[in-house]
Amino acid sequence: MSGRYAPVSADSERDLADLWHDVLEEASGDDLHGDVDDRAVRGPRDGSPAAVESFDGPDEPTSAAEPDAEPPEEDEPDDLLDPGDVLRRLAGLLGGSTIDVGDVRVQGQNATGPGAVAIGTVNVTAGRSDGAGRVWFETLVEASVRETASGYAYAPSDQRLDHHLQHHHLLCLSGPAGSGRFSSATLAVARRHGYERVRVLGVDQLADLLGADAPLPAGHGYVLRLNEVALREVDGFTLVALAARAETSDTTLILIGDFSRRKHDLVGHVVEHRSAPAVEVFRAQLRQQLRGQCVGWCMGTCDGRCVDRYVDADCVGHPLLSAYLASEPRPGEVVAIVATIARTVPKGSALAERLEQFLPLQLRERAAEILDVRRGGEEVDAFPHDEVRAFRLSCAILAGQPVTEIHQAAQRLARFDFQEPASSSATFRGSVLDALLGSTLGQAVTRVNDARVPGGCRIEFSAGAEPLRSALLDVAWTEWWSPKHLLDWLADLIRGDLPAVRQAAAGAIGWSATRDVQSALDTVGELARERRAGVRQAAAIVLVAMAMQPALRTRIRTELGQWAAGSAAHLRDTVARAYSLGLAQLWPEAALVQLRQVAQARMQRWNNSVVRGLVEVYRNGHAASVVPTLVDWTVSVDPEVQLHAARTLRVLADRWAEPPREHWPELLHLVHQGTIELADLAILWATALSLPKTAYRSWRTLGFWLDRADQQPAVASYCLQLVRHVIAGQPALRHRLDHQLRHVWRPVMPHNDLLDDVRRLIDEETR
């Protein structure tokens, strides 16, 4: 406030009654009688987009409710949600695409594939074996290794890798598949022994390398990829024996695999591979692929600078590719993108079209790898495969929630057909969580230690990996669960007690509508009929998520129109909630029509959904439409419609203009700008000041306007004009204004000069 309020010396018992009513109301969280408290309806005075929580109390304290008033139905309080936050969360699930998997595989005499090493399709000269076929090796072509080096982006772990090889003949290079670990190992061996002495090794069992007849010629470097079975066979003694043999024969042996769960057992032998930034991998690979070409239609002799311009300006600077690289995809995935670009060197719209076709395929392939537990050769002993798969899907849906909540949701999905979900006894230690996530999903999420949540840990997707969430849903929907199974599970989560889980599950149902719109509408219809306000609020979020998808908008708008015009009170309330949570930004005109239909329901006397929706329409630049519409509401034959017009005025009256006009009430500033008419604003004020449900706090707010307007000539002039319009031809309001001036405002604001002008207005109107 402005600081012009002063201590009061009450002159009458009526003064004291008014003042003590104010004090008691401010001190208590509840209204004294009648409707729900309206203080949260007002929202912050700075005009920020606060959710409207509840409504006005009576004009004066009374001892009985209205004779015709129905008691409000028993309900839990709904959650205060900012529509901007709701839309941002939904965007994470409904957003665009990015991200494949690929890696070199050496089997016998064949080494092919555009994986992390990117060494072409034929890259071996000859193969040698021990005669029994249990140990074999292949020598990589020197030119191919040099070509790999020319397109290699050095990884942060390469320096440590070289340092280790200077003092040891064996090491374990740990990293997930597709992370570039094979490239790093190959080039580390080449730097130590020469580009012509790099060999890819294969064995049936690791112990076969210790046999006397295992032929490993000296002076070469060997790279051996270990599968999951071989990884479990590795122990410290085996590594010591292999290191001794390598030292004896002056060879270098690098074992490649995901040693993340073994690094404490094999300490001293493991080097953690850290990939180069994706953008550097892209630059190095594309420059190498385009080397010697002219891609800029150079005039005369091409000096190669056009390649650099194409790589940096056309590709790295492209919004789609820039966002993709910012998500830090694995090097193997980047190489695949480079290959498809290098074939035709597209530019502009052609490049955008190529990326729009290719990136979603990569993303879906990664999601399929995550949900197919057996595909990656992963073993999670503490949990069945169905539960691991359900946990990974739950991570996508409940991103940001505690691990314990994600696990409970996963159990419900994995055992949804059973009455009593089983509970795993495994604790969520780091290694257990690593196993549940798997290496691919583990790279896309961040584990946040948070002592405030159960279990002390939350799972969040990194900013660049957000599109993976919708890809996981897509694969789950088409390959692993039936639509009914998933929708029933998500609806069950919405009926739970945790608001954040409800909202996340609602977004997932909204996403699913593009796959089966009727099933999704049937599910949201059931949720919208629930008596619990929190469940109806989640149903509204489902509708918002559906409407965010252009292909569904006509269907959803039609459905909302039918609900708003129908007789089902809970469906109509859900319509109002949907507009208050973001749909008002999409369909402001439809919102005004349908919110009036909803406002006619007696149920809305005890709900705030209509006012929230109207405020959202107003906030999004439609004040010129909202105010005249509310004026029409004030003459409605439905008392509930009039009440909502008055309640909305009460909320809007507490909004203030942006700096440097912060001393203006926002509504008056809009009058000053010519956006709305003073006469319309006066009608709304007269209604709010007259109705018993809104009068008490409306008079308080008007007094606050007058306090802020004192010593502000421009604002004071508009305030006086407003007061003159409000009391013109309204004896009852003039009498009440006189009462407020004598017994409330003047004692509280004894030094406010503007009140003298208000007194003159009253006297003029009286004459």
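Arginine 191 touches Tyr154, Asp158 and Asp162, when residues up to four places away in sequence are not counted. The model described here is a predicted one. This briefing covers that arginine, two helix pairs, the nonpolar cores, and helix α25 with its surroundings.

**Arginine 191**

- Arginine 191 belongs to helix α6, which spans residues 181-193.
- Its relative accessible area is 31%, so arginine 191 is classed as partly exposed.
- Between arginine 191 and aspartate 162 there are 8.3 Å in space, C-alpha to C-alpha, and the two are 29 residues apart in sequence. Asp162 is also among the residues that arginine 191 touches.

**Helices α15 and α18**

- Helix α15 (residues 403-414) and helix α18 (residues 483-494) have axes that come within 10 Å and cross at roughly 140°. Because of that angle, α15 is oblique to α18.
- The crossing in which α15 passes α18 is right-handed.
- On the α15 side, the contact is made by Ala409, Arg412 and Leu413; on the α18 side, by His485, Leu486, Trp489, Asp492 and Leu493.
- By character, the residues of this contact between α15 and α18 are five nonpolar, one polar and two charged.

**Helices α21 and α22**

- The axes of α21 and helix α22 (residues 553-565) cross at roughly 145° and come within 8 Å.
- From α21, Leu543, Met546 and Ala547 make the contact, and from α22, Arg553, Ile556, Leu560 and Trp563 do so.
- The contact of α21 with α22 comprises six nonpolar residues, no polar residue and one charged residue.

**Nonpolar cores**

- The largest nonpolar core holds 156 residues, and within it Leu393, Leu468, Trp685 and Trp745 touch the most other members.
- Helix α21 (residues 533-547) gives the most to this core, contributing 11 residues.
- Apart from this core lies another, of 29 residues, which includes Leu290, Cys315, Leu321 and Leu359.
- Tryptophan 745, one of the residues named for the largest core, touches Trp699, Leu702, Gly703, Leu706, Leu737, Gln740 and Leu755, with residues up to four places away in sequence left out of the count.

**Helix α25 and serine 609**

- Helix α25 covers residues 609-619 and is mostly covered, since 10 of its 11 residues are buried.
- The buried residues of α25 are Ser609, Val610, Val611, Arg612, Gly613, Leu614, Val615, Glu616, Val617 and Tyr618. Charged residues are thus found in this list along with nonpolar ones, Arg612 and Glu616 being the charged members.
- Serine 609 lies in helix α25. With a relative accessibility of 1%, serine 609 counts as buried, because the cut-off for a buried residue is under 20%.
- Neighbours within four places in sequence aside, serine 609 is in contact with Asp573, Ala576, Arg577, Ser580 and Gln604.
- Glycine 621 follows α25 and has a positive phi, near 85°.

**Aspartate 638**

- Aspartate 638 sits in the loop between α26 (623-633) and α27 (639-652).
- The relative accessibility of aspartate 638 is 25%, so this residue counts as partly exposed.
- Aspartate 638 and glutamine 600 are 38 residues apart in sequence, yet 6.3 Å apart in space, C-alpha to C-alpha.

Terms used:
Residues are numbered from 1 along each chain as its sequence is written. This is a predicted model: local features need pLDDT of at least 70, side-chain atom pairs count only at pLDDT 80 or more; totals for chains, interfaces and linings use all residues. Side-chain values use heavy atoms; hydrogens and water are left out. Axes are lines fitted to C-alpha atoms, for helices over the stretch in contact, and angles run from 0 to 180 degrees between N-to-C directions. Helices (H or I, at least four residues) and strands (E, at least two) are DSSP runs, numbered from the N terminus. Angles under 35 degrees count as roughly parallel, over 145 as roughly antiparallel, 65 to 115 as roughly perpendicular and the rest as oblique. A crossing is left-handed if the near helix is turned anticlockwise from the far one by less than a right angle, and right-handed if clockwise. Contact means heavy atoms within 4.5 Å. A nonpolar core is a set of buried Ala, Val, Leu, Ile, Met, Phe, Trp, Tyr and Cys residues joined through side-chain atoms within 4.5 Å. Buried means under 20% relative accessible area, exposed over 50%, partly exposed in between (1.4 Å probe, protein chains only).
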